Amino acid sequence: MTSMRVALLCLVAISLQLTVFVDVRVFGVAPEMLALVAILSGYFGGSQLGPVVGFAAGLLWDVYLPTHLGVSALVFAVTAYMIGTLEAGLFHDSRLQMGAVVALATMATVVSYALLNEILGVRGLIDLEMLRVAAVSGLLNGAISLAAAPAMKWAIRSAANARMAPKPVNRA
Amino acid sequence: MPPAQHTGRSRYRLALLVLTSITLLSLDFRSFGPLDSAQSGVRDLLHPVTSLVDTALSPIGGAWNAAFRYGDLKTENRELRRRIDDLTGHAIEVEADSAAFARLQRAVDIRFGEGIPTVAATVLRGEVGNFDTNVVTIGKGSNSGIREGMAAVTGAGLVGRVSQVDRTTSTVELITEPSLIVGVRVVSTDEVGLGHGVAGEPNQFVIDQGPAWPDNGDPALLPRIGSAIVTATDSRYSAEIPVGTVIDVATPDGLAMVITVELSNDVTDLGFVSVMLDIAPDEVPLLPVVPSTLVPIEIDPAQVDSAAGGGSTP
C-alpha cells in the first residue's frame, strides 16, 4: 500500500513539474519537485526507505530529462540516504528545521546533478548560473516542503510512524 | 532491530541502488534500444495524465505570467493599445484567434525543401527542468511519421532537430543549443562551415569551423553583413533551409573566421512548428577532408629535405 501511495505522490510531483512549473518560475528557476519527494522520503522514511523512493523519483525524472538515464536516480538515492542518516539525530518538531534541511539538500542535489553530468560529458552545466539555480530551487523547495510534508507523511506513514516513535528509555 | 544491523542493511540497499544506476547509465551510453523504448513507453503512458493536469491547472500558469511578467506585458499592452484604436470592441477575441492562425500559417508555409512532406505540430511546452533550456516538446510523434533526426522548421527557417520521439509527442532540440552542430552555407561567398548556438544568447548562432580568413584580409572576400545563411548540402538536414543572416565577421587569430549569425526564427516564442518528414543521416556533419600536405605525395620527402639543404647531399 505504501508503494501505491508513493507512486501516486511521484505522479502528482511529475505532473506539477511538467505543467504548472513550466510557467511558474521564480527568477527563471522552477522548484525541483522530484528532488523534493526524494528528500522528504529520506527525512521521514529514514535511510531504509528514503533511497528507494529517491531512486524511483529520480528515475521518473530522468525519463523526461535530456541527460543520461540514471543520473537523477543516483543523485536522489544518495541524497535521500544521507538525509535519512544525518537527520536521525535531529529533532522532528520544527517545521523551520525541515524547511532548512530540504533547502540545503536541494541545493546539494542540484550541484551534484550538474557535477555528475559534467563528469559524464554533458558540457555547460557548471557555471555561476548553476549556483543561482541551486540557490533559488533550494529556497523554493524549502518553502514548498511545508505544504508537501503532510502528503509525504501520509504516503509513507507506517515507515514514518515507526521512525518518529519515541525511543524506549533504557533504565538499566 | 539493532542499530548496527539497521545501518548495514541501509548501506547494502544503497549500494544496490547505486549499482543499478550505474548499470542504467552504461546501458544508456550504449543507446540500448529496449531502454529507449521503455522510456518512451513511460512518457506515452503518462501523457494523458499530464495533458489533463495541464488543462486543469493552466490558469495558474496564466495568472503567474500575468502577475510576474509585468515588463513583457507592458510592451505587449502598448502594442495592443495601438491596435485597439483601429479595432472594434469584439475584435480583440478575433485578433487572438487570427494571431494563432497566423502563427500556424507561418509554421506550415514552408517555401523550402520542395517535395518533402511536412507535418505541423503545436508546441506543448518549453523546458521542464532547470538545465535543459534549449528543448521544446511538440504534440506530434511517431504516429504522425516523425522520426529522430528530422528537421523542425517554421516558414522563417530552421528551428531545431527532433531528438526524441514518442507515440504522440516529440522533443525538439533547438538550434540555440550550443552542442547541436549544424552544417551551413554562407550564400554570399558559397563557403560551407559548421555552426552552433551560443549559450545565453537565444537569437544568435556562430559559425566557427570551416570558412578561413582571407590571406590578405581583403574585405571583399568576407561574407557580407546581412548575407543569408542556409543549411548546407552535407548537413544533417535538407539543403537550403534558412538559418539566419550574418551580423558580424571576425577572426580570433588571423586564420580562422568566426561568423555571428542572427537567427531567422525566434525560438523563445514558438507556437507551432513543422517537421520535415525526410530521413536525415543521423551523424554529425563533417567538413570535406582537404589534404593538408603542401607537398605532392608522390614526391619523396628525402628529396625535399635535400633540396631545402641546398643540394649539398650527393
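Q: Two strands count as paired if DSSP finds at least two bridges between them; through how many residues does a hairpin join strand 4 of chain B to strand 5 of chain B?
A: In this predicted model, strand 4 (residues 157–165) of chain B and strand 5 (residues 170–174) of chain B pair in the antiparallel sense over 5 bridges. Within that pairing, B:Arg161 stands opposite B:Glu173. The hairpin that joins strand 4 of chain B to strand 5 of chain B passes through a number of residues equal to 4.

Q: How many of the residues of strand 5 of chain B are buried?
A: From strand 5 of chain B, B:Ser170, B:Val172 and B:Leu174 point one way while B:Thr171 and B:Glu173 point the other way, and all are buried. A residue is called buried when its relative accessible area is under 20%. Strand 5 of chain B is therefore largely enclosed by the rest of the structure, its count of buried residues being 5 of the 5.

Q: Which residue of strand 5 of chain B is the bridge partner of B:Ile138?
A: Strand 2 (residues 135–138) of chain B also pairs with strand 1 (residues 118–125) of chain B, in the antiparallel sense over 2 bridges, and there B:Arg125 stands opposite B:Thr137. Strand 2 of chain B is joined to strand 5 of chain B by 4 bridges, and these two strands run antiparallel. In strand 5 of chain B, the bridge partner of B:Ile138 is B:Ser170.

Q: Which residue of strand 12 of chain B stands opposite B:Ala151?
A: Strand 3 (residues 151–154) of chain B sends B:Ala151 and B:Val153 one way and B:Ala152 and B:Thr154 the other way, and all are buried. Strand 3 of chain B pairs with strand 4 of chain B in the antiparallel sense over 4 bridges; the two are joined by a hairpin through 2 residues, and B:Ala152 has B:Gly160 as its bridge partner in strand 4 of chain B. Strand 3 of chain B is also joined by 3 bridges to strand 12 (residues 272–276) of chain B, which runs antiparallel to strand 3. In strand 12 of chain B, the residue opposite B:Ala151 is B:Met276.

Q: In what order do the strands of chain B that include strand 12 run in their closed barrel?
A: This barrel of chain B is closed and has 6 strands, with antiparallel pairing. Neighbouring strands of this sheet are turned against each other by 45° on average, direction ignored. The strands run in the order 1-2-5-4-3-12.

Q: Which residue of strand 7 of chain B stands opposite B:Val184?
A: In chain B, 6 strands close into a barrel in the order 6-7-8-11-10-9, with antiparallel pairing. Strand 6 (residues 182–186) of chain B and strand 7 (residues 191–198) of chain B pair in the antiparallel sense over 5 bridges. The residue of strand 7 of chain B that stands opposite B:Val184 is B:Gly193.

Q: In which helix of chain B is confidence lowest?
A: The mean pLDDT of chain B is 79, and 75% of its residues reach 70 or more, while the model scores ipTM 0.86 and pTM 0.73. Over residues 289–299 of chain B the pLDDT stays under 50, and this stretch has 2 contacts beyond four places in sequence. Confidence in chain B is highest in strand 5, at 93, and lowest, at a mean of 46, in helix 5 (residues 301–308).

Q: Is helix 3 of chain A roughly parallel or roughly antiparallel to helix 4 of chain A?
A: Helix 3 (residues 33–64) of chain A and helix 4 (residues 71–86) of chain A pack with their axes 7 Å apart and at an angle of about 170°. Angles over 145 degrees count as roughly antiparallel, so the relation of helix 3 of chain A to helix 4 of chain A is roughly antiparallel.

Q: Is A:Met98 buried or exposed?
A: A:Met98 is found in helix 5 (residues 95–119) of chain A. Not counting residues up to four places away in sequence, A:Met98 touches A:Leu40, A:Tyr43, A:Phe44, A:Ser145, A:Leu146 and A:Ala149. Its relative accessible area is 5%, so A:Met98 is buried.

Q: What percentage of the residues of chain A count as buried?
A: Chain A has 7 helices and 0 strands. Among its contacts with a separation of 6 or more, 72% come from residues 24 or more positions apart. Of the 172 residues of chain A, the share that count as buried is 56%.

Methods:
Residues numbered from 1 in each chain as written. Chains lettered and ligands numbered in written order. Predicted model: local features only at pLDDT ≥ 70, side-chain atom pairs only at ≥ 80, totals over all residues. Heavy atoms only, no water. Axes fitted to C-alpha atoms, helices over the stretch in contact; angles between N-to-C directions. Parallel < 35°, antiparallel > 145°, perpendicular 65-115°, else oblique. Pairing = 2+ DSSP bridges. Buried < 20%, exposed > 50% of the residue type's maximum accessible area, 1.4 Å probe, protein only. pLDDT = per-residue confidence, 0-100. Contact = heavy atoms within 4.5 Å.
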